[in-house]
Amino acid sequence: MSSGVPRAIGAWALCLVVALSWALTIGRYGGPDEPAHVVRAAAVARGELIGSPAADLEPGYRVVEVPQSIASGDPSCYRHDANADASCAVASDRTDLVAAATSAGTFPPAYYAAVGAVARVAGVGDDALGHRVVAALAVALVLALAYGRLRAWPDRTGAGLVWAGLTPAAWFLTGVVNTNGLEVALLVLAWVLTAELLGGGRTASIDVGRHLAALGLIGATVVLIRPVAVTGVVTVAATLAVGLAPDQRPHWRSRSVAGAVAAVLAAAVLVGAWWAAVGLVVRDSRTAGDIDGSIVLAALRGIDDTLAEAVSSLGWAEYSAPLPAVLIWCSVAAVAISALAIGGDRRLRRAAVVGAAATVLLPVVFEIVTARRIGHVWQGRYSIGALIGLAALGAVALPDRLRRIASPLPLLAAAGSTLTLWAAARRYISGADGPWWFDRTSGWWPPAGPWLPLAAHAAASVALAAGLTVDRRAGVLDPLRATA
């Protein structure tokens, strides 16, 4: 215990450095829908849970009162032009309350209450960057829990493959205020636990009951903060359903409890939607369409875009991770697929096929079902949490012949993540086609400058990768580990 606590704190600190380096480098409100999320968090922290309807806007928009420093600095001047720097998004320094509309005004309040309340108590409730820091704290904590599990694996190469499976787009989300970022972190932890259950003794010792209980809690939390993320939860559940060995399947009492928890959670989400006067009645006339053959074909044609965006799309989907970083992740995927084909048993391969099918097809089903009301709104970042399962399943099937190839992947992924952060700094400081070397004559300058976050990110990323590369056992603080 005494040695595990410092290691757990160290892992969280390293994950936090990585998340904060993104938070300090991304331009003001450069995260997807970030203004809406920050406004929502600031309003909920002041007790305004639902606001009032916004005239001439879609039903999901609500008007709330937030500090002017939060409501100003609109990124619309640069968010759809990858070559426009972020200097045009100028925030006010005034903190008096003003009315602001947010498209997240009817979203479940749990995430926003936590982020907004902590930011306000910490004295940064009037600062958008302060909200980012608080969001990064939460994401880093969850990632550190996943990392701690991986550090306990006897198979360090497999553990490193899982960590390398986080896409560049996933790392980007650690630095912005968005429920999507915490959702991805929680699903990373869920996939680590799933891999341990399906690993057949190749990972750390486990307690099946505790693992399943933890997965239930994670799934409930994911849906509570972001209901549409149920697709990722279903992907994990479907993979487990076909991959668990007969002696691992939960007792009927456990299944009954899990079913009751799921029913209560679903009821809570539906009641919350009704209370917000939206739910399934929401309709966005700007994007809505009819369910016909063209809708189905459009949803199917969008599969490749969804997968590509889940790997490389950054910002408001206006620019992408550099090609080397994308190729590194593709190498991780290739190793994982090869491992399942060569080293996976029938049960594990079946689980992988079901997980892959759910990752690809659930977004298609979602778009077909919701086409009449909101049209094609699925973005690749919604599938990141499900996609990470590929590396997790490949890790527990990794055969000896692939270990030499898989061993350097965590360090390569750290290099790819750092390169992606550099490209992000370039995009916000001088535009996506601007110079790679920066000075203060650039259009926008990060609060800490670009070089300090880049150096800190590189050091922390390499340290995390090295921790899963060096072949030695390390004790971790882990409440899920079975006790003798």
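**Exercise 1.** Is Pro 32 buried or exposed?

*Solution.* The structure is a predicted model. Begin with the position of the residue: Pro 32 belongs to the loop that lies between α1 (4–25) and α2 (34–45). Next, take its relative accessible area, which is 4%. Buried means under 20%, so Pro 32 is buried.

**Exercise 2.** Identify the residues that touch Pro 32, leaving out those up to four places away in sequence.

*Solution.* Start with the list of contacts: His 37, Phe 172, Leu 173, Asn 178, Gly 315, Trp 316 and Arg 381. Then consider one pair along the chain. Pro 32 and Val 177 are 145 residues apart in sequence, and their C-alpha atoms are separated by 8.7 Å.

**Exercise 3.** Determine where Arg 132 lies, whether it is buried or exposed, and what its side chain reaches.

*Solution.* First, locate the residue: Arg 132 is part of helix α5, which covers residues 128–151. Second, assess its accessibility: the relative value is 5%, so Arg 132 counts as buried. Third, follow the side chain, which reaches the backbone oxygen of Ala 23 at 2.8 Å. Fourth, examine the contacts, not counting residues up to four places away in sequence. Arg 132 touches Ala 23, Ile 26, Gly 27, Arg 28, Tyr 29, Gly 30, Gly 31 and Glu 34, and also Gly 175, Val 176 and Val 177.

**Exercise 4.** Carry out the corresponding analysis for Thr 231.

*Solution.* The residue lies in helix α10, made up of residues 230–243. Its relative accessible area is 13%, and the limit for a buried residue is under 20%; Thr 231 is therefore buried. A polar atom of its side chain lies 3.4 Å from the backbone oxygen of Val 228. A polar contact requires N or O atoms within 3.5 Å. When neighbours within four places in sequence are set aside, Thr 231 is in contact with Leu 362 and Trp 378.

**Exercise 5.** Describe the chain as a whole in terms of secondary structure, burial, contacts and surface.

*Solution.* Count the elements first: the chain has 20 helices and 5 strands. Turn then to burial, where 52% of the 484 residues count as buried. For contacts with a separation of 6 or more, 82% are between residues 24 or more positions apart. Finally, the accessible surface of the chain comes to about 20100 Å², and carbon and sulfur atoms account for 65% of that surface.

Note on methods
Residues numbered from 1 in each chain as written. Predicted model: local features only at pLDDT ≥ 70, side-chain atom pairs only at ≥ 80, totals over all residues. Heavy atoms only, no water. Helix = DSSP H or I, 4+ residues; strand = E, 2+ residues; numbered from the N terminus. Buried < 20%, exposed > 50% of the residue type's maximum accessible area, 1.4 Å probe, protein only. Contact = heavy atoms within 4.5 Å. Polar contact = N/O pair within 3.5 Å; in protein donor to acceptor, adjacent residues only side chain to side chain. Areas by Shrake-Rupley, 256 points an atom, 1.4 Å probe, with all protein chains shown as cover.
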